[in-house]
Amino acid sequence: MASRYNQTLRATWATQPLQWPQLANEASHNSFGPLLYDAVQHHPAIPGEVQKQLRQLYLNTALANTLALHELATILQALAQANIPVIVLKGAALAQASYGNVALRPMHDLDLLLPFAHIPQALSIVATLGFQLLEPIPFGDRSGLFWNELLLVKEGHKPVYLEFHWHLLDNPYYASRPGTPELFERSLPLQLEGQPARILAPDDFLLHLCSHSWHHHSGLWPQAGADIAQLLVQNGPTFNWERFLAHAQQYDLAYAVQTTLSQVVTQWHCPLPAGTWQAIQALRPGRKERFFIYCQQNKYLKPLRTIIALPSLRLRLAYLWGILFPSADYMARHYPSPKPLRMAYLHRFLCWGKLLFGD
Amino acid sequence: MTHPLPGRATPPNHVLFRELNGEAILLDLQKGHYYGLNEVGCDLWQLLTADPDVAKACAQLQAIYQVEPSQLEQDIAQLLADLHTAGLISLDNS
């Protein structure tokens, strides 16, 4: 990946003089500081100050990730002892297995995918390791369908954040697109920090990165671009494009895939096998995905995506009720200033109104 | 100041080691401090993790780097003393 970054840099150097401080700041802002350091640390023209700045980012990433991966090993071991199946997602899976150097890929949390049925037991287990829920789930028993993740933290010299996911995407329409059981079936084994672990099959991994980037960040966010490029370069000719494209179409993720991959190919100079680009372009977003695209571009419609995605009127009303009137526990965490519960609800509505309609 | 070469040096459980393309970092989980190791330090740490016998580790490093034995011993003794002061390694002079 560093050499790919270097290629991009060389192409830039050929046409314009390099502004090292700006480059370092830009890379740092987009979480590429360590990657840039790896690529240019021995470059004869790199100013000492810039090299020092980038090296510090590199070391900080190495330290934070070393600590987080140490916690991950403990978590994986404890969950394995309880026979809880787990897939390691995103940064934790990429830093070591894909980038090959944990200092190169900053990660903010440890993301784990596990079946919803195992969540209560997994929460008890990680609680014994020092991880506490950051906020309760607003939907209680229906969270399996309405929600897709829980955020936990372990406080210490440096806090370590952990996320339990039971679906890959937060929209209930995608709860079974792809479903967690089939992801586990296709997942691959590997050793992470000396512990047996599983990661998504490369085509599922790419589908996740593309769809997460589009649905969660409304487009390609820079680190996802680097991750996708890394995944493509790493898997090269062995990548199962046929299955990937079939799933992108089948799961209504055609547009997410087209949008993100077109940017990755352009920005990261990622070569695709002959005919693949045409096959990507030939994907056709389905009716539901077109609706989500429309909602994504309209701030008033954005909150409706989830409601519309639910399969029955009863579930839509239940979701709406859960959103409008979350549990007292949830409200206490989100609106901590002392006020009666009904005032907290009113405050919540006003905040929403401000968010949607401005001042 | 010269330090004697200890008999055994044992990496403690509360110190994490991470190799990074030829260099390494040590992270003290108890204090939150970290320490950087160069290539030789990185090799020394890995040798001591496998076998805490410092003389054996010196002999193996001598074979890899082919430096003056007395110089190598002095550098290693200094490094181990620094790591010990920082609480990153346990030394046994027996």
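Two strands count as paired here if DSSP finds at least two bridges between them. With that in hand, welcome to the close-up views; please keep in mind that this is a predicted model.

**Figure 1. A hairpin in chain B is built from strands β2 and β3.** The two strands, β2(B) and β3(B), run antiparallel to each other and are paired over 6 bridges. One bridge to look for sets B:Val15 against B:Asp28, its partner in β3(B). Between the two strands there are 2 residues. In this turn you will find B:Asn21, whose phi is positive at about 45°.

**Figure 2. The hairpin strands belong to an open sheet of 3 strands in chain B, ordered β2-β3-β4.** The pairing in this sheet is antiparallel. β2 (15-20) and β4 (34-37) of chain B are the edge strands; each has a single partner strand, so one side of each lacks a neighbour in the sheet. On average, and ignoring direction, neighbouring strands are turned by 20° against each other. The pairing of β3 (residues 23-28) with β4 of chain B is antiparallel and spans 4 bridges. Within it, B:Leu26 sits opposite B:Tyr35 of β4(B). A helix joins the picture too: α1 (residues 39-50) of chain B packs on the sheet and touches β2, β3 and β4 of that chain. The direction of this helix makes about 130° with that of β2(B).

**Figure 3. Helices α2 and α4 of chain A pack against each other.** A pair of packed helices is described by the angle between the axes and the distance between them. Here α2 (residues 20-29) and α4 (residues 48-81) of chain A meet at an angle of about 10°, and their axes are 10 Å apart. Angles under 35 degrees count as roughly parallel, so α2(A) is roughly parallel to α4(A). On the α2(A) side, the contact is made by A:Trp20, A:Pro21, A:Ala24, A:Asn25 and A:Ser28. Facing them from α4(A) are A:Val50, A:Gln53, A:Leu54 and A:Leu57. Sorted by class, this contact has 6 nonpolar residues, 3 polar ones and no charged ones.

**Figure 4. The largest nonpolar core holds 97 residues.** Which residues touch the most other members of this core? They are A:Val88, A:Leu112, A:Phe164, A:Leu206 and A:Leu261. Helix α4(A) gives the core its largest share, 14 residues. Zoom in on A:Leu112 and, leaving out residues up to four places away in sequence, you will see contacts that include A:Leu72, A:Ile75 and A:Leu79. A:Val88 and A:Phe164 are also among the residues that A:Leu112 touches, and so are A:Glu163 and A:His165. There is a second, separate core of 21 residues, which includes B:Ala24, B:Leu72, B:Ile76 and B:Leu79.

**Figure 5. A:Asn83 and A:Lys90 both have a positive phi.** For A:Asn83 the angle is about 55°, although this residue is not a glycine. A:Asn83 lies in the loop between α4 and β1 (87-89) of chain A. Exposed means over 50% relative accessible area; at 64%, A:Asn83 is therefore exposed. A:Lys90, also not a glycine, has a phi of about 45°. Its place is in helix α5 (residues 90-97) of chain A. Is A:Lys90 buried or exposed? With a relative accessibility of 14%, A:Lys90 counts as buried.

**Figure 6. A cis peptide bond links A:Arg177 to A:Pro178.** If you check the backbone torsions, omega for this bond is near -5°. A:Pro178 is located in the loop between β5 (160-165) and α8 (180-186) of chain A.

**Figure 7. Here are two buried loop residues, A:Gln41 and A:Leu220.** A:Gln41 is in the loop between α3 (33-40) and α4 of chain A. This glutamine has a relative accessibility of 17% and so counts as buried. Not counting residues up to four places away in sequence, A:Gln41 touches A:Ile46 and A:Gln51. A:Leu220 sits in another loop, between α9 (202-217) and α10 (222-235) of chain A. At 15% relative accessibility, this leucine is buried as well. With neighbours within four places in sequence left aside, the contacts of A:Leu220 are A:Ser213, A:Gly225, A:Ile228, A:Thr260, A:Gln263, A:Val264 and A:Gln267. Of these, A:Val264 lies 44 residues from A:Leu220 in sequence, and their C-alpha atoms are 8.1 Å apart in space.

Technical notes: Residues are numbered from 1 along each chain as its sequence is written. Chains are lettered from A and ligands numbered from 1 in the order in which they are written. This is a predicted model: local features need pLDDT of at least 70, side-chain atom pairs count only at pLDDT 80 or more; totals for chains, interfaces and linings use all residues. Side-chain values use heavy atoms; hydrogens and water are left out. Axes are lines fitted to C-alpha atoms, for helices over the stretch in contact, and angles run from 0 to 180 degrees between N-to-C directions. Angles under 35 degrees count as roughly parallel, over 145 as roughly antiparallel, 65 to 115 as roughly perpendicular and the rest as oblique. Contact means heavy atoms within 4.5 Å. Ala, Val, Leu, Ile, Met, Phe, Trp, Tyr, Cys and Pro count as nonpolar, Asp, Glu, Lys and Arg as charged, and the others, Gly among them, as polar. A nonpolar core is a set of buried Ala, Val, Leu, Ile, Met, Phe, Trp, Tyr and Cys residues joined through side-chain atoms within 4.5 Å. Buried means under 20% relative accessible area, exposed over 50%, partly exposed in between (1.4 Å probe, protein chains only).
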